[in-house]
Amino acid sequence: EERRRVLSEVTVADMATEPGINMEATIDARENPFEPYLDALKKVLEDQDPIFMIGIVVSLAVVVITVVFLKYILSRKTVQSAVLLVGLCDSGKTLLFSRLLSGKFKKTQTSITDSSAPYKAKNERGSSWILIDLPGHDSLRPQYVEKFKSAARAMVFVVDSAIFQKEVRDVAEFLYFLLTDSVVSRNVPSLIVACNKQDITMAKSAKLIRQQLEKEMNTLRVTRSAALSAQDGSAGASVHLGKKGKDFEFSQLPMKVEFLECSARGSKGEDGEADIASLEKSLALL
Amino acid sequence: MLDFFTIFSKGGIVLWCFQGTGVTESFTGPVNALIRSVILQERSGNNSYSHDALSLKYKLDNEFELVFVVGFQKILTLTYVDKFIDDVQLHFRDRYKNELEQKGALALLNSHFAFEDDFKMLLREAEESSKARGPTSMRSFNASLKSQKTVKSMIETKGGDKGKEQGGKKNKNAKKEGKAPAAEPVKGEKAKAPTSAQKTEENGNQGLTQEEIIQKKREEFIRKRMGAPVEKPSKSPKPVKEKPKGKEKRVWTLGGSSTKELDYSQSNGNGAHAAGDQGLDAQADPVCACWGAFGGMFGMLKGLVGSKSLSQEDMEPVLDKMRDHLIAKNVAAEIASQLCDSVAKKLEGKVMGTFTTVASTVKGALQDSLVQILQPKRRVDILRDVLEARSQRRPFVITFCGVNGVGKSTNLAKISFWLIENGFTVLIAACDTFRAGAVEQLRTHQRRLNSLHPPQDHGGRPIVQLYEKGYGKDAAGIAMEAIAYARNQAFDVVLVDTAGRMQDNTPLMTALAKLIAVNMPDLVLFVGEALVGNEAVDQLVKFNQALADHSMSDKPRLIDGIVLTKFDTIDDKVGAAISMTYITGQPIVFVGTGQTYNDLRSLNARAVVGALMKA
């Protein structure tokens, strides 16, 4: 460091005393240490075949372009471009999927894997995104939600309105699991709760389902936070839903929540149209 | 005669279905039951399943993600069904290859699969082929050998009548030898000819001249050189006297002359290398050696890149290794093999992507199946259920059962600690009236828990109470009284501790089944230790069997959940968790990791599977 200081002093002193000639001298002096290297480099480069040089330059350019391209593509994947159809087993997700995409009635069985297809929304922009139907069976649900949750820009939670009373605790638990997931609470996808099977006479209305779910989630907040931690020490979700101290309401959530009624089967049975107008409207607003 | 036949995608859309004439019930229910109990519980090793009166057979097509299911009445035994499903699958695939190959579900939704004619034709063919092989008709008496024996020859007498016997046999054998041409390879039934030829030699030596003896021996020798026939153990009575003279050298089918059949070197050739080597082996010899090495490398690379569909042979070595790995991690042996069969069924015919090896695909599939098995099939939230029971003004009853020494009383105390931490009042019913000190142990736990949560905090009432009636009494009676007491005193939870019993001990198993059937607890927990190996399968099967047999109702109460104890003693040999959940299909509700009150955990499926698959 001392040497450097001395050197800089010397150069400054030189510049100060004899500005004109010594500037050039110092410039030369500064260039000089690099000169031999530059000359050597120039010589090496000239010795090589020009085609070889062009080859190297082209390959470097290709590499750079590929890297930029990949980055662009990878970053595009994490952009949420999918709408997930989730719900309990037998709530009508696969039939809803078929109706939304093709309008046809199809017989369905319990899904074992996911199905996805591009969907064209019915709005002026004609935006299209991917609609994904996830299996609802209890042993498959967590894995598939895990796989697709980061790509979700909205979730359609399908509820079987006819047997809702019996299943209210299971529905609430799944909804709680979705809402307290760390990725979901970070991305905040909008939530549409579709109360399906309205064609059955005993079906509950969307308003009633909303009230019952709010009550149930209230209780679940208490029991879930008191649940045991896992055996490897990892605790459950630490996200607290809604406001502390007050009863849980869906309006307290950071995401947009909407309850609507629909019927995938339609009131006229298999050959008729499905009653999914309100669902399509909501999907168009996404 | 089929009730129904469906073809649906794994995503749940039914592509085509057929319902037999006169069948009114929808098949959706049985097929859903098939999916839930077999495919989702990884029991797809054997491909048939019975549901009520129907028997269902299915086949998975993993390349296009389809499932083919056929259903027929259980009482019918249709022999053509297996081959029929295979034929239908191949036909369907070939015909609709274009629609099926497209990715995404739109193609499946929009196309209409008009498969009826093909299906009817295939069904007709299958039915006819099964009819063509009619029942084999029995041979008539005249065609059998017995009709050719004389009555006298069948009479066994000791000593004197040997001459008559031998005479009779000589006649029979002379007839047979006349029929058997010496040059033909000897067939099975004519294998008797040489043996009987020997016997003629033995028996009829006295009667024949030297030339005839030599002639016979020559014919025998030729016959033996021709076919090396299998010596059938002769059923006709042999005179004991002649045995040492006539003892012939036994000829084995694989023995003696050639060692060609013992050379197994061809069948063990590498599949991956064969493709590369075959083309390159044609080269000149000096080049052959080093090209052979290159060929091996190319073969490996060829296996990595490009789409290749998985076959049973490809997966065999990987699955064997995985099976041994699972067994080394303390998974029960038959469970490990059933799991591997199920994974093989799931992956057969699947097309692998680029840069994926067989091993990685199989390991991924196995990992997914294991996580799926460990995921609970119903909601597991005991606190919520206790709150529900409280709102209905009745106590929530949990019963603990298991073999001796697994930690029932210890884990009962831990669970009651967890419950009282969350503000519930607990009544412990001491239904272990056999083991010395069982009641005192529970009393000590009760005292400690009460000192941790003194009654002053809960309105003067002790938060844990013990209901006991000493030793030697009937456990079911004590449990019933305890539950009635809890209902009167408005306790939230009743924990019933039972005596440990071996699964083979029938009277004790009957007593346990009676306790559970009479008291109808809300939750029956089986306590099993994580150290158990293959025994877990036996214990759980026999416990469930006993509970099902001795219950009077249509829907017997079986084991609802599992408590896995002593989890801190196993390092990463966590296979017992898999064995237990696979056998019962019930979730692991609690995991015990020590002896203090805080050592109670819940199961994290991913962590357990990670520890299991770790090398």
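Begin by selecting helix α3 of chain A, residues 50-77, in which Ile56(A) is found; helices here are DSSP runs of H or I with at least four residues, strands are DSSP runs of E with at least two, and both are numbered from the N terminus. This is a predicted model, in which local features need pLDDT of at least 70 and side-chain atom pairs count only at pLDDT 80 or more, while totals for chains, interfaces and linings use all residues. Residues are numbered from 1 along each chain as its sequence is written, chains are lettered from A and ligands numbered from 1 in the order in which they are written, and side-chain values use heavy atoms, with hydrogens and water left out.

Stay with Ile56(A), which counts as partly exposed because its relative accessibility is 35% (buried means under 20% relative accessible area, exposed over 50%, partly exposed in between, with a 1.4 Å probe and protein chains only). Add Phe52(A) and Leu60(A) to the selection, and the three residues show a nonpolar surface patch of about 290 Å².

Now move to chain B and select strand β4, residues 54-61, where seven of the eight residues are buried. On one side, show strand β3(B), residues 48-51, which pairs with β4(B) in the antiparallel sense over four bridges (two strands pair if DSSP finds at least two bridges between them). Within this pairing, Ser50(B) has Ser55(B) of β4(B) as its bridge partner. The hairpin of β3(B) and β4(B) has two residues between the strands, and Asp52(B) takes a positive phi near 55 degrees there.

Next add strand β5(B), residues 66-73, which pairs with β4(B) in the antiparallel sense over eight bridges. To follow the register, pick Asp61(B), whose bridge partner in β5(B) is Leu66(B). The hairpin formed by β4(B) and β5(B) has four residues between the strands, and Glu65(B) in its turn has a positive phi of about 55 degrees.

Then select residues 587-600 of chain B, where UniProt, in an unreviewed entry, places the feature "domain: SRP54-type proteins GTP-binding"; such annotations may be inferred rather than shown by experiment. Over these residues the chain is 0% helix and 43% strand, and the end C-alpha atoms are 16 Å apart.

Finally, display the whole of chain B, whose secondary structure comes to 22 helices and 15 strands. Of its 615 residues, 46% count as buried. Among contacts (heavy atoms within 4.5 Å) in chain B between residues at least 6 apart in sequence, 72% join residues at least 24 apart.

Key:
Patch = residues over 30% accessible without salt bridge, like charges linked within 9 Å, V, L, I, M, F, W, Y side chains within 5 Å. Areas by Shrake-Rupley, 256 points an atom, 1.4 Å probe, with all protein chains shown as cover. Salt bridge = Lys/Arg side-chain N within 4 Å of Asp/Glu carboxyl O.
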